[in-house]
Amino acid sequence: MTDDHAPVLAGHESGSARLDRIEPGDLGGVAAPGGKLEVGIQGMSCASCVAVVEEALRGVAGVRQATVNLATDRGSVRFDPAATRPAALVQAIADAGYRPVVEQATIPVRGISCASCVATIERALQETPGVISASVNFATNAATVHYSPAMVSMADLRRAIREAGYEPLEAAGDVSPVDRERQAREQEIQTLRRKLAVGAVLTAPVAVGSMHHWLLWAPAMLQSFWVQLLLSTPVQFWVGAQFYRGAWAALRHKTSDMNTLIAVGTSAAYFSSLAMTLAPDFFAARGIRPAVYFETAAVIITLILLGRMLEATARGRTSEAIRRLMGLQAKTARVLAGGEERDIPVEDVRIGDLVVVRPGEKIPVDGLVREGASAVDESMLTGESLPVEKRPGDSVIGATLNRTGTFRFEATKVGKDTVLAQIIRLVEEAQGSKAPIQRLADAVASVFVPAVIGIAVVTFLVWLALGPAPVFLFAMLNFVAVLIIACPCALGLATPTAIMVGTGRGAEQGILIKNGESLEMAHRVQAVILDKTGTLTEGRPEVTDILIVAPSTEHRAPSAMPGTPISHQPSAISHQELLRLAASLERGSEHPLGEAIVARAKAEGIALAEVQEFQAVPGHGVRGRVEGRHVLLGNARFLRDAGVAVGPLEARAEELAAQGKTPVFLAVDGRAAGIIAGADTLKAHSAEAVGALHRLGLEVIMLTGDNPRTVRAVAEQAGIDRVRAEVLPQEKAAEVKRLQAEGKRVAMVGDGINDAPALAQADVGIAIGTGTDVAMEASDITLMRGDLRGVVTAMALSRRTMRTIKQNLFWAFVYNILGIPIAAGILYPVAGILLDPMVASAAMALSSVSVVSNSLRLRRFKPKMG
């Protein structure tokens with residue numbers, strides 16, 4: 001393997017390192033935990049390159065899945081750690097003729113005192129996902145690590161060393177991943193720009209000299225075959241060297257790609273012209289007038305490089321969203337230690353550290369406010385324009401901006417565990433994924449280049465046998481035109497560039513899309529199921545009514561109503577006791593009404609009791625033993641299933657529900673004791689969002705565990721005409737199945753643990769980001785703020801992205817379907833039209849640029865609610 005296909009290594013010492021070849025022994029290491037490796041890949045130029053790399057990776061023993069993305073220049077591999085190692089995967093990419101991006105870092109370490117320390121640090125580093133190999137030198141007290149920057153950063157490596165009990169020291173020349181990616185992209189563009197400049201300067205006089213029939217002023221010297229040979233040779237073999245290298249690498253692996261087409265096409269023009277230059281008499285003696293087409297080869301190479309440079313520039317813009325997210329991270333944190341404040345790098349912040357934030361500063365990591373208060377601008381992550389008030393006990397998110405006051409917070413999540421890091425990971429995974437619609441392009445790309453070569457050969461033979469004089473000239477030019485106009489690049493970029501821009505734009509709008517499949521499925525959705533509490537409503541109900549049962553005479557507690565005496569209840573409990581028992585059971589609950597009950601008890605100064613034998617029954621209620629008494633709190637069905645008669649309380653509960661309130665029943669030792677009702681207000685923009693979903697042609701259904709009267713009252717306010725009430729968690733999933741059985745594509749929107757089964761069952765699960773981690777994990781799309789308009793935006797963005805992908809694929813296919821026959825000369829017999837290879841090269845170069853440019857239009861996407 002040549003140096004051009006060696007793994008790319010960037011050093012983190014004062015002297016950078018580069019390996020000419022990765023030997024298995026050099027990068028022994030252990031497999032990344034979970035058997036997953038993500039690695040950057042350089043040198044890919046078309047969909048055929050993607051197919052070659054994927055085939056090479058799948059050929060490694062133990063590989064379960066391999067996906068390569070042309071737009072991101074990245075490969076993702078899942079493998080069996082017992083069967084293979086990351087080093088073998090990296091080597092497979094290199095052996096296929098491409099350049100895996102593997103970086104080398106040397107990190108000085110303090111605290112190494114024996115060989116055991118060396119083994120401990122090596123083990124900690126090797127267990128870090130993305131590390132290819134790690135070795136620690138006892139003599140120099142330094143760790144040398146080969147790693148994939150697509151998966152792991154220098155901060156992660158230092159954190160692994162620190163968590164192992166040692167102190168990593170700063171090494172000179174550290175570069176952030178954001179800057180490193182930008183530098184790599186800029187270096188690629190600079191190389192292309194330099195070669196393009198040389199190519200243009202040398203090609204221009206060759207083109208002028210070749211057109212002396214039309215340009216009477218063309219200098220005689222430039223018309224010389226030898227001068228044209230002298231000028232075009234550097235263009236062919238230096239400016240166009242990358243095409244030869246790529247073609248040779250493909251040939252070694254018995255395959256072909258875009259580089260093959262360009263190398264064969266330009267070589268045919270160049271070497272036939274070289275033969276005419278060296279032996280003109282030989283051809284003249286056989287009735288062939290000597291003519292050269294050096295300008296054809298030179299112009300083709302120059303134009304294709306121009307296209308590649310424009311494409312690289314445009315592709316760089318497709319990943320701007322992820323770079324902006326990465327750039328949000330604060331560089332330092334002000335930590336309070338020993339009564340003194342000191343600034344430290346953000347990667348050195350540990351869980352439990354007390355961090356001080358002043359007005360105008362970025363919050364460095366996630367945490368909980370301990371002292372002070374402020375308003376925090378979270379718009380960069382959630383899209384919420386208004387600052388959010390923060391007080392002691394409230395959570396703060398790293399990378400958000402502190403607006404007004406000074407406060408101290410305790411760090412709870414650092415490094416890869418922060419919200420920002422998780423957002424970046426989700427967006428990167430989404431941008432690197434493939435949508436099902438790409439399968440067609442992949443299938444075509446796998447046979448595209450061999451088919452084009454076959455068509456070009458047939459074209460040459462047909463023109464050689466049937467074409468007009470000069471036969472060889474016509475045959476050769478049409479042969480070259482067919483090879484050059486074919487463009488698998490456009491096919492390869494059609495889907496991934498649109499997904500990159502679409503998911504990135506979604507992240508900027510506070511919408512996290514898990515992968516390309518989720519994005520594609522969302523545009524097919526026909527019905528949207530909305531959970532009520534926390535999704536349509538604020539999710540912060542307040543206790544409005546407390547009803548207790550009187551033994552023989554009417555008893556009315558504050559906010560209660562006259563109740564009918566219940567004969568089976570020998571004695572009534574007090575208002576405070578009812579609230580105390582209910583709040584004790586609900587303490588620690590995530591259910592909004594449970595939290596409201598606890599808040600009401602605390603507001604009244606009621607001390608809560610300890611609960612034994614606590615049990616939560618999803619969709620029904622909770623039970624437990626409080627001070628020796630068996631207490632039930634839940635809906636009417638929950639009490640009836642436990643053998644408790646609710647009697648006339650049920651009628652009063654229906655009256656409360658008709659007012660849009662949610663009643664829950666309390667039973668003590670097998671007897672109904674009372675009702676606690678709460679009201680939850682509709683979110684400000686819920687009705688607007690439901691209306692927008694209707695205008696998108698989507699059916700909107702509300703699904704909830706609440707009683708029918710409450711649900712109907714909320715549905716009327718929100719404009720929803722179809723509801724399902726008193727639905728258990730497993731029944732929510734069953735309702736999704738029922739709609740799917742009707743042939744509908746269903747999206748489920750929810751925020752709680754109760755919604756997780758339905759989110760997983762739905763074709764598209766959408767989690768409100770203000771909800772629980774369980775719901776977010778089960779979802780395909782996560783909304784960073786609790787605003788239903790995000791659902792509308794997600795649906796509209798999906799439709800716009802899929803429309804862009806279909807446009808890209810349409811034009812990519814149409815371009816090739818029409819361009820190749822025209823290049824072969826199909827119009828010549830009827831219209832006398834032939835396609836000049838130079839025009840073909842310009843069309844080919846612009847085809848991929850047009851696809852990327854079309855995808856970039858998604859950056860201007862703005863949701864419309866009206």
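**Surface patch, helices and an open sheet**

In this predicted model, Val 457, Leu 461, Leu 464 and Phe 472 together make a nonpolar patch of about 320 Å² on the surface. Helix H14, which covers residues 438-466, supplies the largest share of this patch, namely 3 residues. Val 457 is placed in helix H14. The relative accessibility of Val 457 is 37%, a value between the limits of 20% and 50%, and Val 457 is therefore classed as partly exposed. In an α-helix there are 3.6 residues a turn, so residues three or four places apart point the same way.

Helix H8 is formed by residues 258-278 and has 21 residues. From its first C-alpha to its last, helix H8 reaches 30 Å, which is close to the 30 Å expected at 1.5 Å a residue. Of the 21 residues of H8, 16 are buried, so this helix is largely enclosed by the rest of the structure.

An open sheet is formed by 7 strands, and its pairing is mixed. The order of the strands is S18-S30-S29-S28-S19-S26-S27. The edges are occupied by strand S18 (511-513) and strand S27 (723-724). Each of these two strands has a single partner strand, so one side of each is left without a neighbour in the sheet. Within the sheet, strand S19 (residues 527-531) is paired with strand S28 (residues 746-750) in the parallel sense, over 4 bridges. Opposite Leu 530 stands Val 749 of S28.

How values were computed. Residues are numbered from 1 along each chain as its sequence is written. This is a predicted model: local features need pLDDT of at least 70, side-chain atom pairs count only at pLDDT 80 or more; totals for chains, interfaces and linings use all residues. Side-chain values use heavy atoms; hydrogens and water are left out. Patches are made of residues with over 30% relative accessible area and no salt bridge: like charges are joined within 9 Å, nonpolar side chains (Val, Leu, Ile, Met, Phe, Trp, Tyr) within 5 Å. Accessible areas come from the Shrake-Rupley method with a 1.4 Å probe; for residues, only the protein chains shown count as cover. A salt bridge is a side-chain nitrogen of Lys or Arg within 4 Å of a carboxyl oxygen of Asp or Glu. Buried means under 20% relative accessible area, exposed over 50%, partly exposed in between (1.4 Å probe, protein chains only). The expected span of a helix is 1.5 Å times one less than its number of residues. Two strands pair if DSSP finds at least two bridges between them.
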